[in-house]
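Biologist: I'd like to learn how to read symmetry and burial in a model. Could you walk me through it?

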Number of protein chains: 2
Amino acid sequence: MTYEELAALVNRSLFADLGYTDEDGRQNIRRVFCVWHKGLGRHLISTNTSSAHVQSLLRNGNACLYFSDDAAFEGLCLCGRAVIHTERAFKELLWNDGDEKYYPDGIGDPDYCVTEFVAESGRFYRYDGKGTLTSAELAAFDAGRDFENGYAKTAGNGNKQE
Amino acid sequence: MTYEELAALVNRSLFADLGYTDEDGRQNIRRVFCVWHKGLGRHLISTNTSSAHVQSLLRNGNACLYFSDDAAFEGLCLCGRAVIHTERAFKELLWNDGDEKYYPDGIGDPDYCVTEFVAESGRFYRYDGKGTLTSAELAAFDAGRDFENGYAKTAGNGNKQE
């Protein structure tokens with residue numbers, strides 16, 4: 001798969017799978033809404049600060065993020081780390097009208113945070129073969145890019161999130 | 001969610017996400033075709049013995065298996081361990097006409113194996129809340145059940161796998 005094909009997979013996804021180690025040291029996965037991306041290497045996820053996976057990631061940030069399209073038989077697993085942000089800039093970027101139903105106190109709600117996944121390597125799978133992405137390849141592809149709502153861009157609609 | 005609702009989620013799934021620790025000690029996820037289930041606690045997956053995740057699971061069998069339905073906002077994460085089977089009975093059970101394209105030497109192909117995921121606990125998520133499954137609850141639900149192709153049963157077709 002080319003970088004552009006991998007970016008297309010990421011951008012048309014609404015959800016990804018976040019793999020992490022839970023507080024008992026076990027493998028765990030959480031399906032997350034994930035539409036904000038900086039190229040292939042950085043991805044933002046709105047989350048409740050109190051949720052179990054955020055608490056686990058604060059203890060152990062090693063994680064992976066998996067994008068897949070079953071119909072196309074495409075998958076991309078990124079390995080790296082998760083950083084929990086409570087800075088207002090991140091929270092404003094991902095905020096949508098109506099998010100008060102998840103975070104009653106609005107953008108400043110202490111139970112609202114943004115998880116940033118930072119990839120250090122990647123491995124992709126498709127019907128026609130598999131391959132790897134190094135940290136240097138990710139950095140080169142991502143250079144000069146900003147965070148964008150890939151799904152909104154792909155779907156061609158004006159919403160920040162669907 | 002009731003046990004029956006969780007079993008319906010599992011049975012209508014074609015794929016699940018297998019979370020494991022790779023040879024570098026990192027979190028990793030592999031999307032797997034997973035339609036053979038014994039209740040909620042045991043799941044079978046045909047795999048190439050040579051694939052990276054099988055080699056990692058042979059070293060460290062701690063794993064999780066995640067079933068999800070994005071449209072219904074349902075998810076079930078099972079924590080447990082993966083056991084790699086090379087016994088002919090497992091390989092015969094999951095074999096389909098045409099699998100020679102993956103395993104040229106047929107059922108006896110040494111590159112063909114069956115991964116059994118054995119759940120020890122579970123956690124489920126739906127729009128209306130979340131909850132947990134204990135080992136005892138899984139055992140009680142699964143008692144007296146055999147492995148079945150849940151997808152074929154749900155879809156009402158006669159194929160062993162789709």
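Biologist: By what turn and what shift along the axis can chain A be laid on chain B?

Modeller: First, some bookkeeping: this is a predicted model, where local features need pLDDT of at least 70 and side-chain atom pairs count only at pLDDT 80 or more, while totals for chains, interfaces and linings use all residues. Residues are numbered from 1 along each chain as its sequence is written, and chains are lettered from A in the order in which they are written. In general, two copies of a chain are related by a rotation about an axis and a shift along it. Here, a turn of 180 degrees and a shift of 0.0 Å lay chain A on chain B with an RMSD of 0.0 Å (least-squares superposition on C-alpha atoms of residues with pLDDT of at least 70 in both). That is the relation of a two-fold axis.

Biologist: Which residue of chain A comes closest to the rotation axis?

Modeller: A:Gly19, whose C-alpha is at 3.2 Å. The same surface serves both copies, as 100% of the contact residues of chain A recur in chain B (contact: C-beta atoms, placed from the backbone, within 7 Å).

Biologist: Which residues are buried in helix α2 of chain A?

Modeller: A residue is buried if 20 or more other C-beta atoms lie within 10 Å of its own, exposed if 12 or fewer, and partly exposed in between. Helices are DSSP runs (H or I, at least four residues), and strands are runs of E, at least two. In α2 (residues 52–59) of chain A, the buried ones are A:His53, A:Ser56 and A:Leu57. Seen down the axis of α2(A), they fall within an arc of 100 degrees, so they line one face of the helix (the arc is that of directions from the helix axis to the C-beta atoms). They pack against β1, β2, β5, β6 and β7 of chain A.

Methods: Two residues are in contact if their C-beta atoms, placed from the backbone, lie within 7 Å.
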